Amino acid sequence: MSPRLEQGISIKEQLVLKAGGSLLILPDSPRIDVKYTKKYLLFLEKLWLEGYGFINVSGGGELARIRETDSKLIGIRQPAHLDEIGIGITANTAQMLALTMKEKGYPAHVIFDREKDYLGKRMIFRGGTEAGHTTDHVAVEAAKIFFVSKVFILSNTDGFLRVDQGGALTDEVIPEVNLSHYLENALFHKPGIHTPLDRPAAELALQSGITVVLLGRNLDNVRECIKGRQFIGTIFYPR
């Protein structure tokens with residue numbers, strides 16, 4: 001079954017998008033996936049030209065995990081300090097995206113602080129904010145600040161995948177999930193954690209009444225979702 005949001009997103013409502021590091025950074029490599037990143041920027045351009053404002057949160061992906069592993073090897077032990085290493089990777093990616101858009105003539109802003117820096121801006125790029133909070137949480141927090149009801153998280157999987165009786169992931173995407181049920185088994189935060197939707201973000205979304213949509217790499221599919229049409233992915237409802 002293909003899910004569908006009850007209604008599409010109005011151009012008067014700020015879009016909140018989280019682009020996972022698994023999309024923009026090549027696996028097992030410090031290199032950006034240049035081909036896909038260019039496609040993603042064109043996708044954002046088109047949304048902007050249609051009248052949408054947006055906040056784009058960048059994940060750290062495999063590169064952040066590699067840097068955190070390296071940091072352990074040279075002697076860093078405190079989880080908060082390891083988180084800071086990953087946050088630096090996400091901020092660098094956000095800056096790269098923002099400067100690319102700025103050179104094309106768009107009013108792009110990269111921000112490193114929290115709520116105060118959002119004011120008066122319609123095209124925002126950012127990475128992580130503080131230790132203990134993943135970029136999933138940053139995206140949900142941004143939605144709360146802007147009174148936005150939905151967050152779109154893009155990753156290298158098409159949604160929340162069903163597990164078979166042996167505990168292995170299948171290719172079947174679960175179309176809808178209640179956040180309260182999801183939280184019963186969600187993992188607690190640790191540096192470099194990789195889950196469909198991390199626990200602090202799910203808790204904040206549930207508390208704030210924010211719907212989170214998990215989507216894959218197909219940008220046409222993401223667009224269908226934003227427009228309120230059928231799509232492939234998982235809707236996490238705040239109930």
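The exercises below, each with a worked solution, concern a predicted model of a single chain.

Residues are numbered from 1 along each chain as its sequence is written. Because the model is predicted, local features need pLDDT of at least 70 and side-chain atom pairs count only at pLDDT 80 or more, whereas totals for chains, interfaces and linings use all residues, and side-chain values use heavy atoms, with hydrogens and water left out.

**Exercise 1. Describe the packing of α5 and α7.**

State the angle and the distance between the axes of helix α5 and helix α7, then list the residues that meet.

Solution. Helices here are DSSP runs of H or I with at least four residues, and strands are runs of E with at least two, numbered from the N terminus. Helix α5 covers residues 135–145 and helix α7 residues 199–208, and the two pack at an angle of about 20 degrees with their axes 8 Å apart. That makes α5 roughly parallel to α7, a label given to angles under 35 degrees (over 145 is roughly antiparallel, 65 to 115 roughly perpendicular, and the rest oblique). For contacts (heavy atoms within 4.5 Å), Asp 136, His 137, Val 140, Glu 141 and Lys 144 in α5 meet Pro 200, Ala 201, Leu 204, Ala 205 and Ser 208 in α7. The residues of this contact divide into 5 nonpolar, 2 polar and 3 charged, where Ala, Val, Leu, Ile, Met, Phe, Trp, Tyr, Cys and Pro count as nonpolar, Asp, Glu, Lys and Arg as charged, and the others, Gly among them, as polar.

**Exercise 2. Work out how α8 is covered and what it packs against.**

Determine which residues of α8 are buried, and which elements those residues pack against.

Solution. A residue is buried under 20% relative accessible area, exposed over 50%, and partly exposed in between (1.4 Å probe, protein chains only). Helix α8, residues 219–226, is mostly covered, since 6 of its 8 residues are buried. These are Leu 219, Asn 221, Val 222, Arg 223, Cys 225 and Ile 226, and they pack against β1 (15–19), α2 (34–49), β5 and β9 (211–215). For the helical partner, α2 and α8 pack at an angle of about 25 degrees with their axes 11 Å apart, which makes α2 roughly parallel to α8. Tyr 36, Lys 39, Tyr 40, Phe 43, Lys 46 and Leu 47 in α2 meet Leu 219, Val 222, Arg 223 and Ile 226 in α8, and by class this contact has 7 nonpolar, no polar and 3 charged residues.

**Exercise 3. Place two loop residues.**

For Ile 210 and Phe 147, say whether each is buried or exposed.

Solution. Ile 210 is found in the loop between α7 and β9, and with a relative accessible area of 2% Ile 210 is buried. Leaving aside residues up to four places away in sequence, Ile 210 touches a set of residues including Val 140, Ala 143, Lys 144, Leu 179, Ala 205 and Phe 236. Between Ile 210 and Ala 143, 67 residues apart in sequence, the C-alpha to C-alpha distance is 7.7 Å. Phe 147, in turn, has its place in the loop between α5 and β5 (150–154), and Phe 147 is exposed at a relative accessible area of 77%. The phi of Phe 147 is near 55 degrees, a positive value in a residue other than glycine. Most residues other than glycine have a negative phi.

Key. Axes are lines fitted to C-alpha atoms, for helices over the stretch in contact, and angles run from 0 to 180 degrees between N-to-C directions.
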